Amino acid sequence: MKFNRFGNMMPLPEEKKKPYLLYEEPFRIAGNLYFVGNRWCSSHLIDTGEGLILLDTPCASAVSGLIDAIYRLGFQLRDLKYIVVSHAHPDHYGAVNALVHLTGAKTFLGEVDARDMRENPERLEGMNKNLDPFNESFVPDVELADGDVVELGNTRMRCVWTPGHTVGVMSHFWELEDEGVTRKVGIYGGAGFASLSPERLRKNGLPMSLRDQFLESIDKVWEEPVDIMLGNHPFHNDTYPKRQRVLRGEKDAFVDPGEWHRFLQELKDLFLAFREMPQEEIDKIYSVSQWEMYYGEGKQ
Ligand SMILES: [Zn+2]
């Protein structure tokens with residue numbers, strides 16, 4: 001039992017030291033939706049017709065790759081209007097302040113995570129520095145409540161509170177048009193559960209009830225219809241293997257209406273196993289990164 005892609009998926013030490021090694025070419029997923037993330041952290045760009053929405057940033061040191069990706073796709077950084085952050089972990093918000101400085105974009109975060117960030121600056125700062133020396137916490141312009149909709153141009157993104165991975169993590173759902181077909185897009189916020197062992201929760205001053213909430217959140221979004229499933233991290237929805245399939249001629253490799261349930265079921269099953277484990281076993285599993293096992297020798 002290694003928890004696979006929900007386990008320890010830290011990049012190799014060399015890649016953490018040299019974030020440019022994580023960079024990959026950006027690409028269009030479908031319609032107005034683009035992948036501008038790297039091999040560690042997913043970032044998605046939506047061209048709404050009235051400006052760009054960015055869903056999640058990478059760590060601060062990877063911001064140059066993100067900016068390169070935006071231009072390489074033919075967009076202008078100055079058109080970035082909204083930055084929506086799925087949850088208060090620095091591998092999803094670390095570059096927010098840099099991007100706001102460059103663009104003046106408006107920022108969004110779930111209200112529960114926003115409060116957690118405000119009230120626990122030391123815990124957040126510890127996480128920031130642990131993942132990247134330049135990560136910074138940020139103060140969102142908009143604090144989203146459960147069910148709030150972020151709207152810009154042709155896009156209406158519904159934000160659903162799915163606590164567990166953090167106290168305020170949100171999942172996102174919207175529709176896009178792809179060559180005359182309407183596709184439902186969904187992304188489950190916060191699929192990792194490493195931080196939900198009793199010891200870690202105690203250490204971080206977080207409530208034990210997050211363990212129950214983690215399961216309730218999966219049930220909460222189970223019925224959402226999702227044609228294109230995205231991930232907070234590329235290994236959550238096999239972003240790069242799908243991209244390879246597209247390049248081999250399988251045009252709709254990202255369209256898979258069964259993936260949402262397969263993903264949520266796997267997440268639930270693995271979490272239930274995790275919940276029964278003694279701390280020593282958890283520590284042993286998490287002491288080794290599954291990164292190389294997932295990505296293999298070469299790049300996927
Ligand atoms: Zn996270």
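**Exercise 1. Contacts along the chain**

Among contacts in the chain between residues at least 6 apart in sequence, what percentage join residues at least 24 apart?

*Solution.* Keep in mind that this is a predicted model. Among the contacts that count here, 69% join residues at least 24 apart. These contacts belong to a chain with 12 helices and 12 strands.

**Exercise 2. Overall dimensions**

Work out how the chain's radius of gyration sits beside that of a compact globule.

*Solution.* Start with the expectation: for 300 residues, a compact globule would have a radius of gyration near 19 Å. The chain has 18 Å, which agrees. Next, look at the C-alpha trace, which spans about 50 × 40 × 40 Å along its principal axes. Finally, 45% of the 300 residues count as buried.

**Exercise 3. One face of helix 4**

Find the buried residues of helix 4 and explain how they are arranged.

*Solution.* Helix 4 covers residues 96-103, and Val96, Leu99 and Thr103 are buried in it. Viewed down the helix axis, these buried residues fall within an arc of 70°, so they line one face of helix 4. The general rule helps: an α-helix has 3.6 residues a turn, so residues three or four places apart point the same way. Now see what covers them: the list includes helix 2, strand 5, helix 3 and strand 6. Just after helix 4, glycine 104 takes a positive phi of about 75°.

**Exercise 4. Inside the core**

Which residues touch the most other members of the largest nonpolar core?

*Solution.* This core has 72 residues, and the answer is Ile83, Val84, Ala95 and Ile228. Helix 10 (residues 259-275) gives the core its largest share, 6 residues. Now zoom in on isoleucine 228: leaving out residues up to four places away in sequence, isoleucine 228 touches Ile29, Ala30, Arg183, Val185, Phe254 and Val255.

Conventions. Residues are numbered from 1 along each chain as its sequence is written. This is a predicted model: local features need pLDDT of at least 70, side-chain atom pairs count only at pLDDT 80 or more; totals for chains, interfaces and linings use all residues. A residue is buried if 20 or more other C-beta atoms lie within 10 Å of its own, exposed if 12 or fewer, and partly exposed in between; C-beta atoms are placed from the backbone. Helices (H or I, at least four residues) and strands (E, at least two) are DSSP runs, numbered from the N terminus. The arc is that of the directions from the helix axis to the C-beta atoms. Two residues are in contact if their C-beta atoms, placed from the backbone, lie within 7 Å. A nonpolar core is a set of buried Ala, Val, Leu, Ile, Met, Phe, Trp, Tyr and Cys residues joined through C-beta atoms within 7 Å. The radius of gyration is taken over C-alpha atoms; the globule rule is 2.2 Å times the number of residues to the power 0.38.
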